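Colleague: I'm new to this one. Can you walk me through it?

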Amino acid sequence: RWLEHRFDLSAERLRDFLEPPGAFLDTVEVATTWTALPGLYTDVRQALLESAAFTLCHFSHAGGQGCCAYFTFAGSAPDEAAAEAAYTGAWRSAMEATLRRGAVITHHHGVGRQRAPWVAGEMGAWLSLWSQVRSALDPDARLNPGALGGGRP
């Protein structure tokens, strides 16, 4: 059944959904071990649904220890400001749920600026070591400023 219906959410349907002002759509990928995956899936899905109208998930990049969970989420709000608040709320809730489960906030796409506020929560004491290495290699902080923990949740 999944194979037959995996593309039912066509580009045309997504375009129609995103056409009005206040609509948003994005993906977030997180990863964990096989034994922790069911709880992570449940918690992140629920967290996204606090701000988004719907969420989908598929699993990929499977390995011996675990896999990546890709969540697609979408929603809408009466205006752009409300949509931005819902969108950032969805990201915040997803990242916090991921960290509570002891999972990682990204699998292979990198942290980027979107996830930067949660790097410290994932890295813990390792962030201090990383900061020292980064300062030694880039003393003027010119490379990728504001990334890797430079944001705020």
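Modeller: Sure, we'll go from the overall layout to the strands, the cysteines, the salt bridges and the surface. Keep in mind that this is a predicted model.

Colleague: Okay, how many helices and strands are there in the chain?

Modeller: The chain has 7 helices and 3 strands. Going along the sequence, they come in the pattern α-α-β-α-β-β-α-α-α-α.

Colleague: And what share of the residues is buried?

Modeller: Of the 153 residues in the chain, 33% are buried. As for contacts between residues at least 6 apart in sequence, 62% of them join residues at least 24 apart.

Colleague: Let's do the strands. Which strands does β3 pair with?

Modeller: One partner is β1 (residues 23-33), which pairs with β3 in the antiparallel sense over 11 bridges. Strand β2 (residues 54-60) is also antiparallel to β3 (residues 66-76), with 7 bridges between them.

Colleague: Can you give me some facing residues to click on?

Modeller: Try phenylalanine 24, whose bridge partner in β3 is glycine 75. On the β2 side, cysteine 57 is opposite phenylalanine 71 in β3, and serine 60 is opposite cysteine 68 in β3.

Colleague: How many residues of β3 are buried?

Modeller: 10 of its 11 residues are buried, so β3 is largely enclosed by the rest of the structure.

Colleague: What happens between β2 and β3?

Modeller: They form a hairpin with 5 residues between the strands. Histidine 61 is in that loop, and it has a positive phi of about 50° although it isn't a glycine.

Colleague: Why point that out?

Modeller: Because most residues other than glycine have a negative phi. Alanine 141, in the segment after α7, is another non-glycine with a positive phi of about 50°.

Colleague: How accessible are histidine 61 and alanine 141?

Modeller: Histidine 61 is partly exposed at 44% relative accessibility. Alanine 141 is partly exposed too, with a relative accessible area of 47%.

Colleague: Back to those cysteines. How many disulfides turn up?

Modeller: Searching the whole structure gives 0 disulfides. Cysteine 57 is in none, and the nearest cysteine sulfur to it, in cysteine 67, is 8.2 Å away.

Colleague: And why is there no bond for cysteine 68?

Modeller: Its closest cysteine sulfur is in cysteine 67, and the 7.0 Å between the two sulfurs is too far for a bond. A disulfide would need the sulfur atoms within 2.5 Å.

Colleague: Are cysteine 57 and cysteine 68 buried or exposed?

Modeller: Cysteine 68 is buried, with a relative accessible area of 0%. Cysteine 57 counts as partly exposed, at 25% relative accessibility.

Colleague: Switching topic: how many salt bridges are there?

Modeller: The count comes to 3 salt bridges. In general, side chains of opposite charge can pair when their charged atoms come close.

Colleague: Which residue does glutamate 29 pair with?

Modeller: Glutamate 29 meets arginine 115 in a salt bridge, at 3.7 Å from N to O. Glutamate 29 is in strand β1 and arginine 115 in helix α5 (residues 112-115), so this pair ties together parts that are 86 residues apart in sequence. Glutamate 29 is buried at 2% relative accessible area, and arginine 115 is buried at 7%.

Colleague: What about arginine 101?

Modeller: Arginine 101 forms a salt bridge with aspartate 43, at 2.6 Å from N to O. Arginine 101 is in the loop between α4 (80-100) and α5, while aspartate 43 is in helix α3 (residues 37-49), so the pair ties together parts 58 residues apart in sequence. Arginine 101 is partly exposed, with 40% relative accessible area, and aspartate 43 is partly exposed at 26%.

Colleague: And which residue does arginine 142 pair with?

Modeller: Aspartate 140, with the closest N and O atoms 3.7 Å apart. Arginine 142 is exposed at 63% relative accessibility, and aspartate 140 is exposed with a relative accessible area of 54%.

Colleague: Last topic, the surface. Which residues make the nonpolar patch?

Modeller: Trp126, Leu129, Trp130, Val133 and Leu137 make a nonpolar surface patch of about 550 Å². Leucine 137 is in helix α7 (residues 126-137), and counts as exposed at 70% relative accessibility.

Colleague: How much area does the whole chain expose?

Modeller: About 9,400 Å², with carbon and sulfur atoms supplying 56% of it.

Technical notes. Residues are numbered from 1 along each chain as its sequence is written. This is a predicted model: local features need pLDDT of at least 70, side-chain atom pairs count only at pLDDT 80 or more; totals for chains, interfaces and linings use all residues. Side-chain values use heavy atoms; hydrogens and water are left out. Helices (H or I, at least four residues) and strands (E, at least two) are DSSP runs, numbered from the N terminus. Buried means under 20% relative accessible area, exposed over 50%, partly exposed in between (1.4 Å probe, protein chains only). Contact means heavy atoms within 4.5 Å. Accessible areas come from the Shrake-Rupley method with a 1.4 Å probe; for residues, only the protein chains shown count as cover. Patches are made of residues with over 30% relative accessible area and no salt bridge: like charges are joined within 9 Å, nonpolar side chains (Val, Leu, Ile, Met, Phe, Trp, Tyr) within 5 Å. A salt bridge is a side-chain nitrogen of Lys or Arg within 4 Å of a carboxyl oxygen of Asp or Glu. Two strands pair if DSSP finds at least two bridges between them.
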